[in-house]
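Please work through the exercises below with the sequence and the model at hand. A worked solution follows each task.

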Amino acid sequence: HCTSCSESVDGNPFRCMDSNVVPSVASRTCLDTCSEQCSSANPCGNGSDTRTFCAATADDNGYCMDCEALMRNNPLECLDLELSDESQSLCLSTCFTECSVEMDFNELEELDPDCSLCIQIDPTSDQGYCEPFNVGYGMSSTSCKFCPELTPLKVETQGEGDGSATPGIMATMEVPKETGDGLIIDEGNSTKEGFPPKSPTNDAAAALVEAQDAPSPGEQCDASTPCPSLYFCDSDWYGVQFCQSCMDVKSAGPLACDSLWGDAKEQCHSECSSVWSECSDDAQCSNESFCAIEKRKKKGYDDEESPVGYCFGCERVGDPLTCFDIGGGTRGWYLSEASQDSCASTCFPECDAGSSCVDGSFCNYQLTASDGYCSNCALFSNKGECSASPLTEKGSESCRDTCFGCSADDDCRGKAFCDLSFGDKGHCTSCSESVDGNPFRCMDSNVVPSVASRTCLDTCSEQCSSANPCGNGSDTRTFCAATADDNGYCMDCEALMRNNPLECLDLELS
């Protein structure tokens, strides 16, 4: 079957050589079609693409790879790829921010707001590269629009500065504190007045010792090389196993473990249970968290609600819509209705038709037809996505009007134009959802209002002529759809609706 590069390779040439993705007999064709060849003398994008590097082997020849295609988004992944030393260095410098293992959290945050810790690459140097947040879940934050963002907490490492910190691991573990009777308790999980702290544990102290001989967090693990205490063995989409910190799932409770598969799920539950706080209602959680109680699907029976919940930090919830979709039922569990409401009301401001949300957000009317919670416009890349669940009908309308509303004088962000659906006002419409390589769609009133046709063409289509061919003549699958005066707009072959040679004669072209 004809397989598109976006559904198979998606910026990662190694996927062409993965027989689970592309049959081995088609690997070479996949590489030649979907990946740009490169070398040190011929860098990717002629050196202008700042997020792509040349994944080359020892002979200095390779194919361009996008940083976003790194599955674990971890600097150590650059070293796991079978690349030349130069390409490994390129991968590190292109995709990750350089840092020093001597930096504290404030310095790392000032260097790069997304930097969660500094990974030491060369044991002889104190230089390293930042590991971003949202690492190690096998599922990227963008693969599930309304999934909770399981962001590691920013904490300090015991022994920093005295030589006792684990080499290669900087600021990855929250430090437990010792009480007068020698017990170790975790003070990072504050509770409301009157709620007893969770049971003391000495496991965290043991982890700092065991980590000296066990794989560093983020490094590979298996049955014969287990992770240290308060870490569990997770795996990415390719089945590569690596150590994941319980502190990364602390304020998500066992819900984070339930989002994993197989042994990783069981290990997460068994290794991390000591870092969670049980609850039965919101009063037992800190001000910035709510009591998350699960409901589990049971075939042939009513869904079963868990008798106990766990405090879930608001920092794990990127948007109020997440509250109504955590779990999503896709893995047999979801938040109880009461917990969904608690999540939204605890973590987000309410709104109604008379009270506006801050810029870049809209009222989702999730509560009733007249009130709801402020939701983030950044969740939606185009107005069509506003119709996606779990938005209500009025919430979808609010999303379109607030996030994509425009007038004739407004500039829409990205590759989009104002469709002027309501006279001199309308919605920002992305070129991909309207034109998609076919300039004739700009002139189809069923797609774009006629008053916006010219804006659509100027925004979404490249002008051309016989003297000015499409892509300067380098694009072999695009032609100049010109009229009798020799001027026109570039059109993709894939945009031909019938994919029939006679269609070329049906178009009103020179």
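The exercises concern a predicted model and go from the whole chain to a sheet and two loop residues.

**Exercise 1.** Describe the overall make-up of the protein: how many helices and strands are there, and what share of the residues is buried?

*Solution.* Step one: the secondary structure consists of 14 helices and 25 strands. Step two: of the 510 residues, 46% are buried. Step three: the exposed surface is about 26400 Å², and 47% of it comes from carbon and sulfur atoms.

**Exercise 2.** Determine the strand order of the open sheet that contains β1, β2 and β3.

*Solution.* Step one: the order is β1-β3-β2, with antiparallel pairing. Step two: β1 (37–39) and β2 (52–56) are the edge strands, each pairing on one side only. Step three: from one strand to the next, the twist averages 50°. Step four: β2 is joined to β3 (residues 61–66) by five bridges. In this antiparallel pair, Ala55 stands opposite Tyr63 of β3.

**Exercise 3.** Compare the settings of Leu420 and Asp486: is each buried or partly exposed?

*Solution.* Step one: most residues other than glycine have a negative phi. Step two: Leu420 nevertheless has a positive phi of about 50°, and Asp486 also has a positive value, near 75°. Step three: Leu420 lies in the loop between β21 (416–418) and β22 (425–430), whereas Asp486 lies in the loop between β24 (478–482) and β25 (487–492). Step four: buried means under 20% relative accessible area. Leu420 is therefore buried, at 12%, while Asp486, at 31%, is partly exposed.

Technical notes: Residues numbered from 1 in each chain as written. Predicted model: local features only at pLDDT ≥ 70, side-chain atom pairs only at ≥ 80, totals over all residues. Heavy atoms only, no water. Helix = DSSP H or I, 4+ residues; strand = E, 2+ residues; numbered from the N terminus. Buried < 20%, exposed > 50% of the residue type's maximum accessible area, 1.4 Å probe, protein only. Areas by Shrake-Rupley, 256 points an atom, 1.4 Å probe, with all protein chains shown as cover. Pairing = 2+ DSSP bridges. Axes fitted to C-alpha atoms, helices over the stretch in contact; angles between N-to-C directions.
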